[in-house]
Amino acid sequence: MIRTIALAAAATLALGLGTAAAQDYTLDPISGATKLAAGFAPDPIVIDVQAGGDLDAYAATACYGFVEAAPTYRVFYTAGDAPLIFSVTAEIDTTLIISDPQGNWVCNDDTNGLNPEIVFDVPLNGQYDIWVGTYSKAGAVTVPLTITGVGAGVGTIGGAVLDYTLEPVHGTIDLDTGFTPDPHVTDITVGGPVDIEATPETAGACWGFTTAEPTLRLNYTAGSIFPLYIYAIAHTDIVLAVNNPDGTWFCDDDSAGDFNPLVIFDAPASGQYDIWVGTYSEGAAAEAALYISEVNAGPGEIADDGNALNWDLDPLFGYDELPGGFGTQVVDVEAGGTVSPTDLGESCVGFVTAAPTYRIYYEGTAPLTFAVAAPLTFAVAAAGADTTLVVADPDGYWFCSDDANGTVDPEVVIDPGYTGQYDIWVGTFAGDGGTTGATLTITEGEAVARLNWDLEPTYGITDYGIGVAPGPLTVELDAGGDIDAAIAVTEEVCNGFVTTQSSYRINYASSGRSLTFAVTAGEDTTLVIADPDGAWFCNDDFDGLNPAITFEFALDGPYDVWVGAYAGAGIMVPATLTITEGDTITEPVETTAIDATLEPVAGATELTAGFAPDPFVVEVDAGGPIDAYTAVEDAFCVGFVTEAPTYVLDYTAGAYPLTIRATSERDTTLLVQAPDGTFECNDDTNELDPEVTFAAPDPGLYAIWVGTYAGDGTTAPATIEISELGGTVATTTLLDWALDPTDGTATLEAGFEPDPFIVDVTAGGQIDAVAGTGDDTCWGYVTVGPTYRLNYTGSAPLGFLVESASDTVLVISDPDGNWICADDEGGNYNPAVFLETPAAGQYDIWVGTFTGESAPATLTITATDPVAGAEPIPVEPTEPTEPVTPDTAAAIDPDAVPGFGEGTLNAGFSPDPTTVDVTAGGPIDAAIVDAACNGFITAEPTYRLTYSAASWPLILSAVSEADLTIVVRTPDGEFVCNDDTNGANPAVRLEQPAAGAYEIWVGTYAPGPTQAGTLFISEISAGP
């Protein structure tokens, strides 16, 4: 829409912006050149030219469009009295940029629909370099360029033009100068199928659509004193074209203000005036009033008296330019005023200011129509106040709302949203002249689903309170729905998914007591309530996973209750809603301070990297009176904790990550203050149990608070686990010296006889010793419990040797809990350990094999060095196996069908982790992907994941009893690899994952047979 006065027959659009860096008029034109002189024939000239390119013209010229560096076409022009007009007519949205003989840039986009036109009313002699662009980066296309000296290069709509020989739609009037009443008013219908620009005499000066016939004809007898004013008023954007007695055309769009047109004749001639009133937009129709006056130049001054809405005034809370695809705009404003908009229609109620509250200039993105595919939604939220909303769109149409979707907050949806200026008034329903704080939200896209208390509740309505039987009211229902309450209820923090209509409604008659709503269910539910005043109340986990809301001073009237499911959209769970009088909920005493310097409630410990046992476990009580959300400002921490830390760890860091987790039968939360003073917080990494991991921990004090999610003031037993093995290793994979040894126990004193002491044992197991001990020098596979146990008294040297026909390993936990590991020190793949000054106490001994298979072996315990003088034992020859030769020349095929399927997950998916059983390994060396990639994989992906990303990280890991690797191709084609993030198990963590397809290969570190494994997909942790 154009909001400028347009009285001349043509308009020059020159902008003295200098020469563009991108476009170069010294280059040869792409589609040729010509010489023309004023009066050239034939007229018009039409040339097929190449439009578009890769250069964005705006940066250098402030002109829209994508062009090539070289001009599209060049004209050498000898000027005369005639104008020079350039235009393009095409099926796509084109632009026009011209460098005139003085080097000025002149540009146009959409004079004729989506077609550009540039008019030089007084053209200069010289060189005109012309670029024909495309509005979007569409590549090169062929379009016709029209050059004329007599009229615009546009066609007509069906050949129709404005025709003053036809009978006027609303008749003819005769007026003599000094006529009364003044103004003379005629009610008219405006709009029609004819593009006003289709008439050559009005092309370039007039816009809009009307009938071919004049709207009204005026036979006027002029005097010598008065001017003649012709203007029209409507509630939409209208335009005006007048053909005066000597055949000259006059046009206007918005000179009378408020999108109303005005034409002024300062010295009018007597004779016939044919008048057309049209609409700015094609296909529109509207009622209007046509005014003819000798004393009044239109209604513009009337709108400035403060008693009417006036979009010519500056908006009170500013404006913004919003491009197509902007998403959402949120503005804090004041609602209310003294002006009533009721004259705009019966749906326009409330009280606003004369000036708009806010204004946007919106530019849609869809081609050809200036419309975006998605609607524009305007919504207002004001706590405790009944607000109203008025919006004027670019065509001057009015949209009003009071109580949208069963709320006291208004909402206007304009679908489609056209390009142009939107003026917005935010009012209050009550007209006391006061204002109230409010939030205006402007959204491009589908209207936000709202909860609607005007709909019939799913599970019924009942009267409750005075006059009904006392006692609790219980309702069995299904909790859940498709609407995210966090989006639908903007006034409160509401979790969970609910239906549009309420689950249940009570019509309450107050007895002066409190009113409590509570939900019980076997799964996590939420509660949303609208009270009789339309205020919203929400709760998630008041009692464990069950929500409850109490109204201490309950109002009379309807309470609409939504019972939702926390897990996700469309999930329904059985639940019981209980409504009682007189029961109150004890709120926790809230303070806002926690203090890491206070004495920890459950004590403290010192741990050094490589500590054992791992995990370190301490029993504590979780919970407290302090809301962590308000106590910790710089991190999103939930739950309720004590002022002092629950526990303090003094940690000497090494190369291992540090994981702190809490477990309990209650829903717990975890806050950890690191040595640098920053906080890490977590709620539900392991179902309802929290976990925090420091990938590269600093040495120093870690203050740990274990809280409960619900703030009911109670505490709950909990366990803190501190580990360097991470959250991916289950406790069953840790070597456990508390278990009975599988092959016996011996008690030996220093100088024991016989020496050596020899025991037959079975070597091997399913547990990776690296993962089971946290020591990356402990190779091989062993059982969870010890193979053998030695209780030793004395201080004499102590040696251990394992002998077997298989490749064996040795893992020992000494009396201090230190791990001692060996592999091939005794020769012939036999491990040996020699302790010169052993401590007295319990030695737990694991005898394993390097590859995990079971094998017979002998364990020798001696007071001498078992390696010195040891004779190699003969090894029976075994049948040689054919080695697996890696195929380094083969190539992977990311587009192949995955070996173990594919799936689609959206951000926030459940269950988390999602697992896939796979077979790892293959013949292709992963180094062909990248030199940093280890392992051996198949050509086809193991699995393909299509992921809809949000702000969560994406973690892809694999777990097996074998040493695995992982290779991931991201949607942008990049490869990411990992080998041993979690012991021998790999993990890839993508902090800001893109949406799209992820091809995943799970490989084995060594070439050889494939291995069974599990692929884990998570947004919160690596592995199980």
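Where is the place of Asp667? The legends below take up this question and others, and the model they describe is predicted.

**View 1. Asp667 sits in a loop between two strands.** Strand S49 (658-663) comes before this loop, and strand S50 (668-673) comes after it. Asp667 is buried, yet it has no salt bridge. The nearest side chain of opposite charge belongs to Arg666, 7.9 Å away. A salt bridge needs a nitrogen and an oxygen within 4 Å. Which residues does Asp667 contact, leaving aside neighbours within four places in sequence? Three of them are aspartates: Asp541, Asp683 and Asp684. Two are leucines, Leu545 and Leu688. Gly707, Thr708 and Tyr709 complete the list.

**View 2. Strand S42 pairs with strand S37 and with strand S39.** Strand S42 covers residues 557-565. How many of its nine residues are buried? Eight are, and the strand is mostly covered. Strand S37 (residues 504-509) pairs with S42 in the antiparallel sense, over five bridges. Here Asn507 stands opposite Pro558 of S42. Strand S39 (residues 525-530) also pairs with S42 in the antiparallel sense, over six bridges. In this pairing Val528 stands opposite Trp562 of S42. In a regular strand, side chains alternate between the two faces of the sheet.

**View 3. A nonpolar patch lies on the surface.** Which residues make this patch? Ile225, Phe226 and Val295 do, and the patch comes to about 310 Å². Ile225 is in the loop between strand S17 (216-221) and strand S18 (228-234). Is Ile225 buried or exposed? Ile225 is exposed, because its relative accessible area is 68% and the cut-off for exposed is over 50%.

**View 4. A cis peptide bond joins Asp182 and Pro183.** Its omega is about 10°. Pro183 lies in the loop between strand S13 (172-176) and strand S14 (184-190).

**View 5. The peptide bond from Asp755 to Pro756 is cis.** Here omega is near 15°. Where does Pro756 lie? Pro756 is in the loop between strand S55 (745-749) and strand S56 (757-763).

**View 6. Asn828 and Tyr829 each have a positive phi.** Asn828 is not a glycine, although its phi is about 50°. Tyr829 is not a glycine either, and its phi is about 60°. Asn828 is found in the loop between strand S62 (819-822) and strand S63 (832-835). Tyr829 has its place in the loop between S62 and S63. How does exposure look at these residues? Asn828 has a relative accessible area of 31%, so it counts as partly exposed. Tyr829 reaches 53% relative accessibility, so it counts as exposed.

**View 7. The whole protein chain holds four helices and 76 strands.** The chain has 1024 residues, and buried residues make up 50% of them. Take the contacts with a separation of 6 or more: residues 24 or more positions apart account for 78% of these. The chain exposes about 43,500 Å². Carbon and sulfur atoms supply 52% of that area.

Key:
Residues are numbered from 1 along each chain as its sequence is written. This is a predicted model: local features need pLDDT of at least 70, side-chain atom pairs count only at pLDDT 80 or more; totals for chains, interfaces and linings use all residues. Side-chain values use heavy atoms; hydrogens and water are left out. Patches are made of residues with over 30% relative accessible area and no salt bridge: like charges are joined within 9 Å, nonpolar side chains (Val, Leu, Ile, Met, Phe, Trp, Tyr) within 5 Å. Accessible areas come from the Shrake-Rupley method with a 1.4 Å probe; for residues, only the protein chains shown count as cover. Buried means under 20% relative accessible area, exposed over 50%, partly exposed in between (1.4 Å probe, protein chains only). Lys and Arg count as positive and Asp and Glu as negative; His and the chain ends are not counted. Contact means heavy atoms within 4.5 Å. Two strands pair if DSSP finds at least two bridges between them.
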